Amino acid sequence: MNPTNARRPHWLLAIYPVLMLAIVAGMATAQDGGSDGGSEGVKSDSEGLALFFIGRRNSEMEPCGCVKNQLGGVQYEATLYSREPAESSIRVDAGNWSLYPPMPDVSMRARYVLKAMGGLLALDAVNVGEPDLANGLVFFDSLREAHPEAVRPLVSANVYLQADSGKRAFKAYHVVEKAQAGGESTSVAITGVASDSTFRTSPLVGAADYFKQDFLVKNPAIELELLVAEMKEKADLAVVLATGTWADAVGIAEAVPAIDVLVSTSQPNDRSKLSVEVGGVKIVSVHNAKGKELGKVRLAEADAGGWILASEPTWLPVSPKQLDAVPALVELIGEYKKNTEELEVEMPRGAERKFAGARYCASCHRPQYEDWITTRHADALQTLVDKGSQFDPACLKCHVVGFREANGFYNVRQGRSVANVQCESCHGAAYEHAQKQNLIRNNSVMRFDDDERDRFLAEAEALIPPSQVLEQTCVQCHQGDNDPNFDYEAKIHHVDHSAPADSVAGGR
Ligand code: HEC
Ligand code: HEC
Ligand code: HEC
Ligand code: HEC
């Protein structure tokens, strides 16, 4: 259990929204002085307004910690914002903060991502993309009631309610007052658009199935044409946030030249281009998913009128190694982890047995057991317990045996038999093998008649797991952000029980 959670009294939950606001205010005053001594000094680039942009958070608040030096974490992102005075910077999220498909744990994380963005990170505007919409209307309605701060920054120009196709599902745009570095007050209007095409193409195929009952996504360019004109009447600067492909972004810029700055979740095909200008519209793009990098660019008024990018965009690494964590956000993440307990699922009664568990295997394969028990695989669940993530399905699937399969791992209360990465994570479910070999070992087969015994022995033979474990088995878990540099040839010797004893170090 996470000690931070255990210590937090219940009354604190009730006053949490108030407390968060107080902390935001405190954070702003405490850190504006730049006491963290970062390189992003306010003095060096003092022109105009800073635009911070991020997107494709994919329902992530912080990295898993599976390997060292991972980037990301809203608690560190907050520290980057605090290096720029809040009143002269614009903070936006271009959308796709949730993940598709919207499993219960994905939606729960998305709730917290929104709570962070609308609360402590104090974003000015957050776009709603296709995977975000896939959470459904109920998701947004329940948040609106329970955590109004979480939905406050949401904007969308082209998402309408299916039940009333003339009514936008979210606020069309926000106007925020900012002060340029020189002190001049500037009003900034920000809207967003979801792509009306990506959910018909990979990898979002089917996302619309989740939201088409609730939401109608209209053509972004057509919706923006009128809206941006209106925004420009009310504000000095019009910013549009867009999900979808790079071609979508260019298409929008061509169709609506009145946009000043367009933030796209996609990148230009030529990735060396930091920003692109299309018919006067400056397009900047989100470079990295999962909140690993925070985009920053300075906007300044041109002498001839209109806005220019006063600096090339940069992507600041959200680096836990270099940045301080903001405690209130650490606490929010702790609250999320605690709430994953609600996601706990019970194993269906009478589930057929597939997994035997390492202890059973040990009764016949003692040397392999003795070796395995020394590896990190044998402690993989404790690793999650230490992080307070033992209820998080997003973590469990790689740290236990057969997560939510037949009699595989369902929850931490169910006992240790299938906890951790065990024999059957690599050799496959082997309960039947164990059972049959047990009957053979006990000589129970002697009771069978000849035909029966032959059949039984043939079945038992067929059930013997292959002794080889292929790379593709390892990379079910040793992959992507969870182990980006996995090298099968180098690592197999740590787990191969048939290897000479001196090389069986067990990875410790
Ligand atoms: C796709 C599979 C996968 C998922 C999902 C996953 N992990 Fe891991 N995790 C791994 C692997 C593989 C390693 C070992 C990496 C290495 O050291 O090479 C690991 C290692 C770790 C470690 C380091 C353990 C140590 O002893 O240094 C921590 C901590 C951890 N994971 C936590 C988590 C948390 C928390 C989550 C959920 C947010 C999570 N993991 C989700 C596969 C996964
Ligand atoms: C009652 C005894 C028994 C139990 C329990 C048992 N096995 Fe076996 N296992 C055997 C026998 C006997 C063989 C085949 C003979 C041999 O070792 O070559 C075998 C073979 C294997 C092989 C193939 C080895 C090779 O060299 O081809 C693997 C892998 C294996 N078992 C894994 C497991 C796992 C995993 C479990 C637990 C889920 C398990 N066994 C439980 C008796 C058992
Ligand atoms: C079911 C998921 C899963 C499978 C399958 C799996 N691992 Fe792992 N592995 C993990 C996790 C999780 C950890 C981290 C455990 C911890 O410290 O909490 C890990 C840790 C390790 C380590 C220690 C850390 C390191 O990188 O030195 C080695 C070595 C390793 N695995 C090798 C392998 C190899 C080789 C295979 C395939 C033969 C494999 N693993 C299959 C999940 C898996
Ligand atoms: C991380 C993956 C992994 C885990 C976990 C694992 N093994 Fe293995 N096991 C292997 C590999 C790799 C080999 C060697 C395959 C080869 O020889 O090509 C192997 C070989 C074996 C063999 C055949 C031994 C021989 O001498 O050929 C048996 C039996 C076996 N394992 C049983 C177990 C048992 C029982 C457990 C749990 C206590 C277990 N394994 C856990 C990967 C694993």
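This report walks through two ligand surroundings, one helix pair and one exposed residue in a predicted model.

## Before we start

Since the model is predicted, local features need pLDDT of at least 70 and side-chain atom pairs count only at pLDDT 80 or more, while totals for chains, interfaces and linings use all residues. Residues are numbered from 1 along each chain as its sequence is written, and chains are lettered from A and ligands numbered from 1 in the order in which they are written.

## Around ligand 1

Let's look at ligand 1. There are 20 residues around it, and Cys64, Cys66, Cys395, Cys398 and Asn482 come nearest. (A residue is near a molecule if its C-beta atom, placed from the backbone, lies within 6 Å of it.) Where does ligand 1 lie? It sits between domain 1 (3–17 + 58–338) and domain 2 (346–430 + 465–503), because both give residues to its shell. The domain bounds come from an automatic or database domain assignment.

Helices H15 (380–387) and H16 (393–399) each bring at least two residues to this shell, and H16 gives the most, with five. (Helices are DSSP runs of H or I, at least four residues, numbered from the N terminus.) Sorted by class, the shell has eight nonpolar, seven polar and five charged residues. Here Ala, Val, Leu, Ile, Met, Phe, Trp, Tyr, Cys and Pro count as nonpolar, Asp, Glu, Lys and Arg as charged, and the others, Gly among them, as polar.

## Around ligand 4

Ligand 4 has 22 residues around it, with Cys361, His365, Cys423, Cys426 and Ser498 the closest. At least two residues each come from H13 (358–362), H14 (366–372), H17 (423–427) and H21 (488–495). H17 has the largest share, four residues. The shell splits into 11 nonpolar, 10 polar and one charged.

## Two helices that pack

H10 (residues 220–234) and H11 (residues 246–255) pack at about 35°, with axes 9 Å apart. (Axes are lines fitted to C-alpha atoms over the stretch in contact, and angles run from 0 to 180 degrees between N-to-C directions.) On the H10 side, Pro220, Ala221, Leu224 and Glu225 make the contact, and on the H11 side Gly251, Ile252 and Ala255 do. (Contact means C-beta atoms, placed from the backbone, within 7 Å.) By class, that contact has five nonpolar, one polar and one charged residues.

## A look at Glu461

Glu461 belongs to helix H19 (residues 450–463). Is Glu461 buried or exposed? Glu461 is exposed, because 9 other C-beta atoms lie within 10 Å. (Exposed means 12 or fewer other C-beta atoms within 10 Å of a residue's own, buried 20 or more, and partly exposed in between, with C-beta atoms placed from the backbone.) Glu461 and His433 are 28 residues apart in sequence, and their C-alpha atoms are 8.5 Å apart in space.

Terms used
Near = placed C-beta within 6 Å. Contact = placed C-beta atoms within 7 Å.
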